[in-house]
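Take a walk through this model, one element at a time. Keep the viewer open as you read.

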Amino acid sequence: MIGITGTPGTGKSAVADELRRRGLPVTDLKTTVSPYIVEHDSVRDADEVDVDAWADAFPYQDGYVEGAIAHFLACDKIIVLRCRPDVLKDRLSRRGYSAGKIAENCQAEALDVILSETADMFASEQVYEIDTTNRDVISVADLIVSFAADEIPASFGTIDWSEFLDPML
């Protein structure tokens with residue numbers, strides 16, 4: 001089971017679509033969480049999921065699992081998609097995200113929130129970080145498939161978006 005995770009807007013869904021186009025099995029994790037939604041946080045406009053219960057109940061499967069919480073699953077390998085926060089802001093704006101939601105996601109990306117959570121849960125040889133800022137979907141999918149097949153080594157911790165942090169934090 002290969003996980004694909006990242007902040008919203010980093011390219012997870014687009015890459016998952018490309019992997020499916022190639023005939024690879026990919027599970028969209030958004031379709032699996034509804035029984036584990038505890039409440040909807042209207043301030044953050046986000047569902048609060050009991051991630052521990054969800055992860056405990058999630059069945060191991062061959063193929064790829066894609067979603068912002070994939071790193072909470074017992075994956076064999078995990079890919080963290082990253083995007084420079086100014087580009088991420090533009091992507092989320094085009095999706096109609098609220099200003100508050102855009103700021104929250106851009107700050108999370110600049111702070112390496114998902115990468116940090118992933119690094120806490122996986123051995124270094126299981127994690128591969130990809131900067132999607134200037135890469136097309138096909139090249140990102142190629143990197144993912146290569147990492148899954150042990151053709152390229154694990155690598156993470158080299159992307160630094162801290163210059164994009166809000167100075168008021």
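What follows goes from a central topic, one strand, to two helices and then to a pocket. The model is a predicted one.

Start with strand β6, residues 77-82. Six of its six residues are buried. In general, side chains in a regular strand alternate between the two faces of the sheet. Both faces of β6 are covered. K77, I79 and L81 are buried on one side. I78, V80 and R82 are buried on the other.

Which strands pair with β6? Strand β1, residues 2-6, is joined to β6 by five bridges, and the two run parallel. Within that pair, G6 stands opposite L81. Strand β7, residues 127-131, also pairs with β6 in the parallel sense, over five bridges. Here I78 of β6 stands opposite V127.

Now move to helix α3, residues 85-94. Its buried residues are P85, L88, R91 and L92. Seen down the axis, they fall within an arc of 115°, so they line one face of the helix. The spacing has a general background: an α-helix has 3.6 residues a turn, so residues three or four places apart point the same way. What covers the buried residues of α3 includes helix α4, residues 99-110. Just after α3, G96 takes a positive phi of about 85°.

Helix α4 comes next. Does its length agree with the expected rise, or disagree? At 1.5 Å a residue, the 12 residues of α4 should span 16 Å, and the end C-alpha atoms are 16 Å apart, which agrees. The buried residues of α4 are K101, I102, N105, C106, E109 and A110. These residues cover an arc of only 165° around the axis, which puts them on the same side of α4. They pack against β4 (46-49), β6 and α3. Just after α4, D112 takes a positive phi of about 60°.

Last, look at the empty space. Rolling a probe the size of a water molecule over the atoms shows where such space is left. The largest pocket holds about 1,100 Å³. Which of its 34 lining residues are the closest to its centre? They are P8, A46, A68, I69 and K101. The elements that give two or more residues to the lining are α1 (12-21), β4, α4 and α5 (113-121). K101 thus links two topics: this residue is buried in α4, and K101 is among the lining residues closest to the pocket centre.

Definitions and conventions:
Residues are numbered from 1 along each chain as its sequence is written. This is a predicted model: local features need pLDDT of at least 70, side-chain atom pairs count only at pLDDT 80 or more; totals for chains, interfaces and linings use all residues. Side-chain values use heavy atoms; hydrogens and water are left out. Buried means under 20% relative accessible area, exposed over 50%, partly exposed in between (1.4 Å probe, protein chains only). Helices (H or I, at least four residues) and strands (E, at least two) are DSSP runs, numbered from the N terminus. Two strands pair if DSSP finds at least two bridges between them. The arc is that of the directions from the helix axis to the C-beta atoms. Contact means heavy atoms within 4.5 Å. The expected span of a helix is 1.5 Å times one less than its number of residues. On a 1 Å grid over the protein atoms alone, a cavity is a set of points where a 1.4 Å probe fits but cannot get out, and a pocket is an open set with protein on both sides within 12 Å along at least five of seven lines; lining residues have an atom within 4 Å of a point. Grid points are joined across faces, edges and corners, and a volume is the space filled by probe spheres set on the points.
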